[in-house]
Amino acid sequence: RTLRCEAVPTLHNHAELPANNNNITAKHFIVGVVMAAALVRALVGLFAVGAGEARRTSLAMQYKPLRRHANLFEDWTEWVHPPLLHAIRSSNASALLDLLREEAGGGDSSGVYSLPLFLDAEGGCAFCDLLLDELDGYYASGLPIERPNSMNNYGIIVNAIGMRPAIDRLQAAVLHPLAALLYPEQAEGGFTSHHSFMVKYKAGQDLGLDMHTDDSDVTVNVCLGKDFRGAALTVCGDSRSPSHRQFYASYSHERGRALLHLGSRRHGADDIASGERNNLIVWNQNARYRASPGYVNRQPYLREAAPPDKRCLSYTHDRDFGDFTAYPPGLEEFRGRGWCPPAFACYDSMAPALKKDEL
């Protein structure tokens, strides 16, 4: 997202200002108006957050008597892959590393890893079946369904239906120890919150998802099934790095297996070919990291080293998307609305007209 500079309204008639006997000047008056407006915006934001939490609490209470699997709302660690849980509880970093598979990394970008998170001893995923059945029950209840984020149209915020306490426990017992091993800066001191949701891809609904980064410090993405073909995850570079829009890997989801990456890593979901893919996604957030000098959004935005790889382009965000490929049907409206890369971070061969800052 980009911020636009808004001009402060000019006061044309200074005679209308209060008398200067209290040393009130036009400048002081304008500063006061701007500060008051900022305060109002902050209060409105806090009210919206509070209203959203109250609505979700109400939904969770309404759904409580309809729950199919009560233990899904208490503690998920009982379904964690047994060798993984044992390695974490015994603080055996070597055993943890043995369970990890590096899916992407190298260069100036952070690592992307996968591991069995909810596979049981027999190689199945009973947790996957239970959670999907529970969500089918919620969909059948007729209660409101809150979209998981601004890009996915299908799925649900699982925190909103009463699963937050269970994910709190999973985050503390399993996800944070993994993140502390792989991403110590982002995980330092413990996670302070999470946004957890399900996404769904199938014909007639969302087929895939445009390139993006997450509002997350560490993302955990778990495939629950069902049967599907296609819908791989394309992994590109870290936000703000010279290789931000360079291709690194294509990850094929496996049921019960989790993918871990920084929220700042650019990625997108390829279109599904057939079937239905459901994924549980946990955006882990750390307020201490976000307040630190090392927070990714405080880092300089480095110049791109080369033109982008076509597979890493975003029709939503990229100003040069149309230079490399046609806009998807019905999405021509995004032409001319992108911001990436900023004018000061353009690669050498970018079209001169696009190098101008049009925002």
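**Exercise 1: Getting an overview**

What percentage of the 359 residues in the protein chain is made up of buried residues? Work it out, then sketch the overall make-up of the chain.

*Solution.* Bear in mind that this is a predicted model. Start with burial: buried residues account for 45% of the 359 residues. Next, take stock of the secondary structure, where you'll find 9 helices and 12 strands. Then look at contacts between residues at least 6 apart in sequence: 75% of them join residues at least 24 apart. Finish with the outside, where the accessible surface is about 18100 Å² and carbon and sulfur atoms own 56% of that.

**Exercise 2: Rings around F127**

Find the aromatic partners W76 and W79 of F127, and classify each pair by its geometry.

*Solution.* Let's go one pair at a time. The chain has 14 aromatic pairs in total. In one of them, the ring centres of W76 and F127 are 4.9 Å apart; the planes meet at 65 degrees, and since an angle over 60 counts as edge-to-face, that's the label for this pair. Where do the two residues of this pair sit along the chain? W76 is in the loop between α1 (26-63) and α2 (82-89), while F127 belongs to helix α4 (residues 126-141), so the pair bridges 51 residues and links distant parts of the chain.

Now try W79 with F127. Here the centres are 5.7 Å apart and the planes stand at 50 degrees, so this pair is tilted. W79 is also in the loop between α1 and α2, 48 residues from F127 in helix α4.

Are these residues buried or exposed? Both W76 and F127 are buried, with F127 at a relative accessible area of 1%. W79 comes in at 12%, and because the cut-off for buried is under 20%, W79 counts as buried too. To wrap up, W76, W79 and F127 join F118 in one aromatic cluster.

**Exercise 3: Charges over rings**

Which rings do R67 and the charged end of R265 lie over?

*Solution.* Take R67 to begin with: it lies over the face of F73, 3.9 Å from the ring centre. Then move to R265, whose charged end sits over the ring of Y248, at 4.5 Å from its centre.

**Exercise 4: Strand β4 and its neighbours**

Why can strand β4 (residues 193-202) be called largely enclosed? Once you've answered that, trace its pairings.

*Solution.* Count the buried residues: 8 of the 10 in β4 are buried, so the rest of the structure largely encloses this strand. On to the partners. Strand β3 (residues 155-157) pairs with β4 in the antiparallel sense over 3 bridges, and I156 has M198 in β4 as its bridge partner. Strand β12 (residues 272-285) also runs antiparallel to β4, joined to it by 10 bridges. In that pairing, S196 is matched with V282 in β12.

**Exercise 5: Into the cores**

Which residues touch the most other members of the largest nonpolar core?

*Solution.* This core has 51 residues, and the ones touching the most other members are W76, L84, F118, L131 and V174. Which helix gives the most to it? That's α5 (residues 164-182), with 8 residues. Zoom in on L84: leaving out residues up to four places away in sequence, its contacts include L96, L115, V174 and L178. Lastly, there's a second, separate core of 11 residues, with A160, A269, I281 and W283 among them.

Note on methods: Residues numbered from 1 in each chain as written. Predicted model: local features only at pLDDT ≥ 70, side-chain atom pairs only at ≥ 80, totals over all residues. Heavy atoms only, no water. Helix = DSSP H or I, 4+ residues; strand = E, 2+ residues; numbered from the N terminus. Buried < 20%, exposed > 50% of the residue type's maximum accessible area, 1.4 Å probe, protein only. Contact = heavy atoms within 4.5 Å. Areas by Shrake-Rupley, 256 points an atom, 1.4 Å probe, with all protein chains shown as cover. Phe/Tyr/Trp six-rings, centres within 6.5 Å; stacked < 30°, edge-to-face > 60°. Lys NZ or Arg CZ within 6 Å of the ring centre and 35° of its normal. Pairing = 2+ DSSP bridges. Core = buried A, V, L, I, M, F, W, Y, C linked by side-chain atoms within 4.5 Å.
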